[in-house]
Amino acid sequence: MSPWVLAGLVGAALVGLGLYGLILHPHPLRKLLAFNLIGSGVFLVFGIVARRGAAAGFSFDPIPQAMVITGIVVAFAASALAVALILRLHAESGRVTLDPEAWTKPDDGAAKS
Amino acid sequence: MSVLPFLDVALALLIVGLAVWTIAARVLFASVVGYVAYGLLLALVWVRLYAPDVALTEAAVGSGVTGVLLITAGKRLGAARAGEAGPAPGLAQKLFAGALALLVAGALAAVILILPDPAPSLAPQAAAAADGPGAGLGNPITAVLISYRSFDTMLEKVVLILAVLGVWSVGADKAWGAAPAPLGQRNPYGASVFLAQMLAPVGAVIGVHIFWVGADAPGGAFQGGALLAAMWMIAMMARITEPPRIDARRLRLALVAGPAVFLIAGLAGPLMAGSFFAFPHAFAKPIILFIEAFMLLSIAVALPALVAGPPSGRSE
Amino acid sequence: MMAPDPTTPGGSLLVLAILLPCAGIILSFVLGGRNAERVALGLTPFGFALACAIAFHVASAGKPVVYALGGLAPPLGIALRADGVSAVMLVAAAVILTAASFYARAKFATPEGAPESRIALTFWIMLQAIWAALTIIFVGGDLFNLYVALELLTFAAVPLVCIDGRPETLAAALRYLLFALFGSISYLLGVALFYGAYGTLDIPLLAQKVQSTPIVWMAAALMTGGLLAKTALFPLHLWLPPAHANAPAAASAVLSGLVVKGSFFLTLRLWFYVLPALPAAGAANILGALGSAAIIVGSVLALRQARLKLLIAYSTVAQIGYLFLVFPLAMGAHVWSDIGWSAGVMQILAHAFAKAAMFLSAGLLAEALGHDQIARLGGAARALPMTFLTLGLGGLSLMGLPPSGGFSAKWLMLQASVASGQWVWTLPVLAGGLLAAGYVYRILTPALSEGDIVLKAPPKRSREAIALGLALIALALGFAPQGFFDLLEIGRPLAAGTLR
């Protein structure tokens, strides 16, 4: 089995595991970790596409590899935004639940603004 | 060479194992630690896929900087009561999620195995273009990022500005303009201070080096910038330096320097080379290095800003 | 080896239309304080002019306007391409974003000499970022470039949801972010598979190459699934109502009127521009069925809301459902496909203007009354006649009563259903209209009844006029001439699937 086949299978497994965690975990930080697993699985798929595209003296196709670099930076930025939201939510309310029912209050609906 | 396949399989098993741990661990913090270890090992897979540039990025950003971010968050949330996030999922939910995940993973694996052979590739065109728009760059990844697909790269830098502003915007109104809370404890361990004093200058030099050679060898503004960012974060964690105020003009200038210079160079393209985001053949390499130098600065500042979080009213 | 540069006259306008708001973001961020607002407002006329100039070029040339960035043709380079639909969407977005900007001054202006504030800097920069992201989405010709645009849109939209900082808005923003991130990564996986199969991400080049293979179907399914999560199509709609209802009114108008249309637009691009060669009747019927379910579920939930802004947000869930009827009604190269296509684009536009007008009015109402409880609106219509006129006119378009863009869209949908023999799609269209009438009357009936109402502060006339102007555009769309529908056809690939 060549390394790219193995990497492809690992990528598929990571996507599946991440999807499972993203749906199931109630905690937003656990969901974020699951999202990052999916993300690295997707990047691996780009990686094998790049590796299989080895040609013209290159041992990889540079376009999909460059896309992964862009993708990793964007995924990090997304994680940072999510963490900031989670920590602020926790600091403000002491809770981190995403359940909308938990946030509906029988108030008069007055916007604070 | 014959041991490599075994090492590959072992690496793959270890990575999937850590991923399972990340999902299945009962304690939040254990899950975070599992994920950080996972990120480190992933860099090795990228080496095996002949992707040293990605491996460097993954090691620095995907596991290094992300690791600090997640562990800090995990520590703060770890003490929280279990179950506050909502009720644990029921059996039906588990079965549904499991079936969906299996279906997607299975279909994806099947599709990957039947990818066309020979694989389509833009490598020949990238090689041909290296004599033209990407003139003189030995590293094709850098050529793609700063030349052929420079538009993506510029927009991605704008995304980083928005992410920094988004993180800041989560802070309190009163604290606006102030500095984020310090990254380290009040009294950092002597060892971590010593480590930071030793490591930060060396790391910073290596970071600049990675950027400089990136035109021709693995590396570039992303990887160099991420390493510089990591060094700054180490210094902040040892309390040698503190996060800057978010209204500091210098900080904001540094954050936008990369996209701003990129945008101006792109706008000047029609004058220089007849097209937006085109560079004149003779000066492509110096122009690209010039743009990259500012991108290096912006990345080195943006990543720690994202980790440091929103401005904090508290003064320690 | 190198393909010829496909750039057409007017192509530079596409680059400028994207770089203008990008430059605005950078300038606003560095100069800070009051300057962010000045830059954002100062750039609106230029953005609007560029959108109009692009539309003019497309209409007069009768074919798409193209620009190859860096002078490098696809597949190695990235191309921007504006066709008829792009042109119309660019102008619509420019109008709504400009309206929202001037409406928002009352809340987000920084007074002379005041220090920079969190909400003002965030609002003005994110608004420009939404403009930049939508422009790329409307003219982007490369699937990965469009991924970056989708992320730009997410990073701009999420902070607007929680800009007032209450815990429930933070929770809504976080849920929105997680859905959006899932959507982007799923889309990106599809992009990887397309590249792996064909070695290009340029939309026209892919369209020439794609065949009905398992890889293509998997990629299409992943990208569609991701885009549906971002568009909040039932059953992935749960994040939308709290997010849209909790944002400040100007942001809600943009989020509900435009931002969800961004990911929907990419769903259209995928199926009608990348994959016209696919025998996709089954997929189209699934999307149509989900859309129908969204119409019913969204409308019924809207009927049950106690707060005006939540009602309007659930109405968005329903109106998004209508958009997805375009797939069964316009797929393929039949005589009726053109009708279905016109109906779909008309629905995008009519809902965008009507919903923006209604959210802006709801914001004025909440500020004037101090609440937006529907049960306590007695007498409000007399106190706020212009605001309720706007709500009523917007509601008219949502219900699909003539003369309005909403009527045109639904009428065309009925025509396409009948002409194609797909009678079943007439049911959700008609039922949705009746249910919409129900929830619009739920707003208007108490407001028109007798009651004493104390206004905290009367709304500014200019802000009421902005909202009314948008509602009037939604009505005027009902009088769109044939030339308008011809414009929508420019650059639309004829389905190869039925030809082979």
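**Exercise 1. Helix 6 of chain C**

Task: For helix 6 of chain C in this predicted model, determine how its span relates to the expected value, whether it is buried or exposed, and what follows it.

Solution.
1. Helix 6 of chain C runs over residues 167-198, a total of 32 residues.
2. From the first C-alpha to the last, helix 6 of chain C reaches 46 Å. At 1.5 Å a residue, 46 Å is expected, and the two values are close.
3. A residue counts as buried if 20 or more other C-beta atoms lie within 10 Å of its own. By this criterion, 30 of the 32 residues of helix 6 of chain C are buried, so the helix is mostly covered.
4. Helix 6 of chain C is followed by C:Gly199, which has a positive phi, near 70°.

**Exercise 2. The two domains of chain C**

Task: Describe how chain C is divided and which helix gives the largest share of the side of domain 1 that touches domain 2.

Solution.
1. Chain C is split into domain 1, residues 1-141, and domain 2, residues 142-489.
2. The C-alpha centres of these two domains of chain C lie 21 Å apart.
3. Contact involves 37 residues of domain 1 of chain C and 41 residues of domain 2 of chain C.
4. On the domain 1 side, helix 3 (84-108) and helix 4 (118-139) of chain C each supply at least two residues. The largest share, 17 residues, comes from helix 3 of chain C.
5. By class, this side of domain 1 of chain C has 32 nonpolar, four polar and one charged residues.

**Exercise 3. Chain A against chain B**

Task: State how many residues of chain A and chain B are in contact, and characterise the chain A side by helix and by class.

Solution.
1. The contact joins 70 residues of chain A to 80 residues of chain B.
2. Helix 1 (3-24), helix 2 (28-52) and helix 3 (62-93) of chain A each contribute at least two residues to the side that touches chain B.
3. Of the elements of chain A, helix 3 gives the most, with 22 residues.
4. The chain A side comprises 48 nonpolar, 15 polar and seven charged residues.

**Exercise 4. Chain B against chain C**

Task: Carry out the corresponding analysis for the side of chain B that touches chain C.

Solution.
1. Here 48 residues of chain B are in contact with 44 residues of chain C.
2. The elements of chain B that give two or more residues are helix 4 (91-113), helix 5 (123-129), helix 6 (140-148), helix 7 (150-169) and helix 10 (249-273).
3. Helix 7 of chain B gives the most, with 13 residues.
4. The residues on this side of chain B divide into 32 nonpolar, ten polar and six charged.

Terms used
Residues numbered from 1 in each chain as written. Chains lettered and ligands numbered in written order. Predicted model: local features only at pLDDT ≥ 70, side-chain atom pairs only at ≥ 80, totals over all residues. Contact = placed C-beta atoms within 7 Å. Helix = DSSP H or I, 4+ residues; strand = E, 2+ residues; numbered from the N terminus. Nonpolar A, V, L, I, M, F, W, Y, C, P; charged D, E, K, R; others polar. Expected span 1.5 Å × (residues − 1). Buried ≥ 20, exposed ≤ 12 C-beta atoms within 10 Å, placed from the backbone. Domains from an automatic or database assignment.
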